[in-house]
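User: Please look at the model below and help me reason through its buried and exposed parts.

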Amino acid sequence: CCPARAGIATGLTSRGHGLLSNGYRLNPDIPTFMKTLQMAGWRTGAFGKIHFYPFDSEYYPYPDYREYGWDVVHNTEDNRTGEWHDWIEKEHPEHYDAIMATPANWNSQLPYYDSYGEQKVNLTERMRRAKDEMAWGEEDDGGNKTRTEGYYPLPYPEEISQTNWITEHALNFIDETPADQPLYTHISYVQPHPPFHPPARFLERVNEDFIPDPVGYGTDHWNGPDRLPNIRYYRKLYFADFIYLDEQIGRILERLEQVGRMENSYFIFVSDHGEMLMDHNLGGKSARHYDAVIRIPLIVAGPGLKQGSTCDLIVQHEDICPTVFDMHETLLKQHPRPLSRRGIADDHPICAGRSLMPLCKGEQVSDWRQSSFSESFGGLCESPFREGAMKYPWKETLRNREFRYSVTPGRDDGEELFDLTMD
């Protein structure tokens, strides 16, 4: 989550920007492409999830993300607190209990959940009571029946959902920006992050015949006592959430067309990580580096790019930042160069990644990378939620077209080597 998002913003690897794991703050002194856009006169806005701060830190529940290069911020994230939460409580109190039934159970571990806001409300108790009193459907899990974070149709009107709230703020930002000022709009939806809860009407638009079985389904390791009893319903809710997001993105594109910005706009659609979706009987992002987690969607569109083409070369999160700079000839010149022990490193590349623009234009790049490196760290310090300290990363992986090699340094978890042409 955090390291991947930091890599997108800075163009650096986790070793470069220093954010190795969730639970740590991205140093705001590190240059981001948003700051460079600001300096170049762009109006920048962030709407939805940002996650450069740890959820259990003093920065929440009301983080101020403007220090990273945004002029306007309307933030809401997995913890379901802050601006969106308070808006629901004030403007739509009749749905507040339904809202409080949707946070994942781990939110009760956050320090501000026991004493939230000026009134010091105990959200932990409110959440538990709301989950118990909610009229869940027979196939639904409000977060207490299975080991997932929950899955069910949205229990309140979609017009007040996080997803819709994020879109509305993004649309307002587009409308309010002067027509002659360039803009950057960061729109980051919380969904389809667990718990899965799309509006019910989108379930009807999922063709169940195309829902695949999980990888490993029916094998001994999948048929454990903790397996989900209704895996196809669980997956159906996940896919329905994508249809909901597709509709929201359509609203954004329509507004850009209406204000005359469409023909001069670039779009990057990307995620910080994937979702196991019970492949190998695993949910969430996991740290085992199966393709379901480390191979994520990436779509780039805009003027001068080759339409309808697919590129199968290996790209990484740190490629996004230099790609943004390559969209306008003046941006790269304004981005601060990295520091070295001797001062400004003139001969050192500004980003660890490479611009994707040549690939997006359909050009042949002979020296493109042939492999990718992924790493997922556990907690690097003591945590109130676990005994002792976890000093070693969960997993490090090197992957090319033919093979995937994974190792867990410092722990007796063995090594993994997959022949991707066969397995």
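The questions and answers below deal with a helix, the nonpolar cores and a surface patch.

Analyst: This is a predicted model, in which local features need pLDDT of at least 70 and side-chain atom pairs count only at pLDDT 80 or more, whereas totals for chains, interfaces and linings use all residues. Residues are numbered from 1 along each chain as its sequence is written, and side-chain values use heavy atoms, with hydrogens and water left out.

User: Is helix H1 largely enclosed or exposed?

Analyst: Helices (H or I, at least four residues) and strands (E, at least two) are DSSP runs, numbered from the N terminus, and buried means under 20% relative accessible area, exposed over 50% and partly exposed in between (1.4 Å probe, protein chains only). The cover over the buried residues of H1 includes helix H3 (33-39) and strand S3 (183-188). Because 9 of the 9 residues of H1 (residues 2-10) are buried, the helix is largely enclosed by the rest of the structure.

User: Which helix gives the largest share of the largest nonpolar core?

Analyst: A nonpolar core is a set of buried Ala, Val, Leu, Ile, Met, Phe, Trp, Tyr and Cys residues joined through side-chain atoms within 4.5 Å. The largest has 66 residues, and Phe33, Met34 and Trp70 are among those with the most contacts inside it. Its largest share, 6 residues, comes from helix H7 (residues 162-176).

User: How exposed is Tyr405?

Analyst: Tyr405 lies in strand S10 (residues 403-407). Tyr405 is partly exposed, and its relative accessible area is 32%.

Terms used:
Contact = heavy atoms within 4.5 Å.
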